[in-house]
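I opened this notebook page to record what I looked up about the nonpolar cores and the strand pairing. The entries follow the order in which I consulted the structure.

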Amino acid sequence: MKKIAGLLIMAFLWWGCRQKDKGSFSIQVELQHIPMQDTAYLDELQLAGTKTIDTARIEDASGKFTFTTVVPEEGLYRIRFADGKMLLLVLNGSDLTIRGDYTHLQEVKIEGSPSSVQLNQFLHELNNKSQALTHLAVQYDSLKSQGTSDSLLIPQALELENQEKAFTDYVMKF
């Protein structure tokens, strides 16, 4: 599963590297429940590594902060916080607005970048499917370790196999 996620990120990086130059833009962010006196980082994710292109100090009690910078080309970026949380974005030089709750970053509302919305929806669904698949695998392993009869194990194994295939199909369709 980690290999698939890594391949997807590499595909987005490649896709971003082949796009034309873009200009200046801003990202307006408003996140409830964000820690005060923290710093947010806007990083460009490149094949050669990560490059921080802007920072913003979080000093507003409402959780508002802004990045204003130039994006040399469309590509994959992230907003990273000191505690390790992050939000992936596909930026193309258009202004963005991000609103939501810091404690639920996977559910923030992004305006101005349909590609970012699509990417985050995909990652959210991928996470849900991965958790469900892990739960099925744990159930199967538990039944197997208890010496459960084959008549009960076989349907569980088939369900696990079907869910693994559905997971792979979902990733490949993206």
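Entry 1, the main core. I looked up the largest nonpolar core in this predicted model. The core holds 24 residues, and those with the most contacts inside it are Ile27, Phe65, Ile79 and Phe81. I then asked which strands supply at least two residues each of this core. I noted S1 (24-32), S2 (38-46), S3 (49-58), S4 (64-70), S5 (75-81), S6 (86-91) and S7 (96-101). The largest share, 4 residues, comes from S1.

Entry 2, a separate core. Apart from the largest core I found another, of 9 residues. Leu133, Tyr140, Leu153 and Phe167 are among them.

Entry 3, contacts of Ile27. I set aside the neighbours of Ile27 within four places in sequence. Ile27 is then in contact with Leu42, Phe65, Thr66, Phe67, Ile79, Leu89, Leu91, Leu96 and Ile98.

Entry 4, the sheet. I recorded an open sheet of 4 strands with mixed pairing, in the order S4-S1-S7-S8. Why is one side of S4 and of S8 (109-111) left without a neighbour in the sheet? Both strands stand at the edges and each has a single partner strand, so one side of each lacks a neighbour there. Direction ignored, neighbouring strands of this sheet are turned by 15 degrees against each other on average.

Entry 5, the pairing of S1 with S4. These two strands run antiparallel and are joined by 7 bridges. I looked up Gln28 as one case and found that its bridge partner in S4 is Thr66. Thr66 had already appeared in my list of contacts for Ile27.

How values were computed: Residues numbered from 1 in each chain as written. Predicted model: local features only at pLDDT ≥ 70, side-chain atom pairs only at ≥ 80, totals over all residues. Heavy atoms only, no water. Core = buried A, V, L, I, M, F, W, Y, C linked by side-chain atoms within 4.5 Å. Buried < 20%, exposed > 50% of the residue type's maximum accessible area, 1.4 Å probe, protein only. Contact = heavy atoms within 4.5 Å. Pairing = 2+ DSSP bridges. Axes fitted to C-alpha atoms, helices over the stretch in contact; angles between N-to-C directions.
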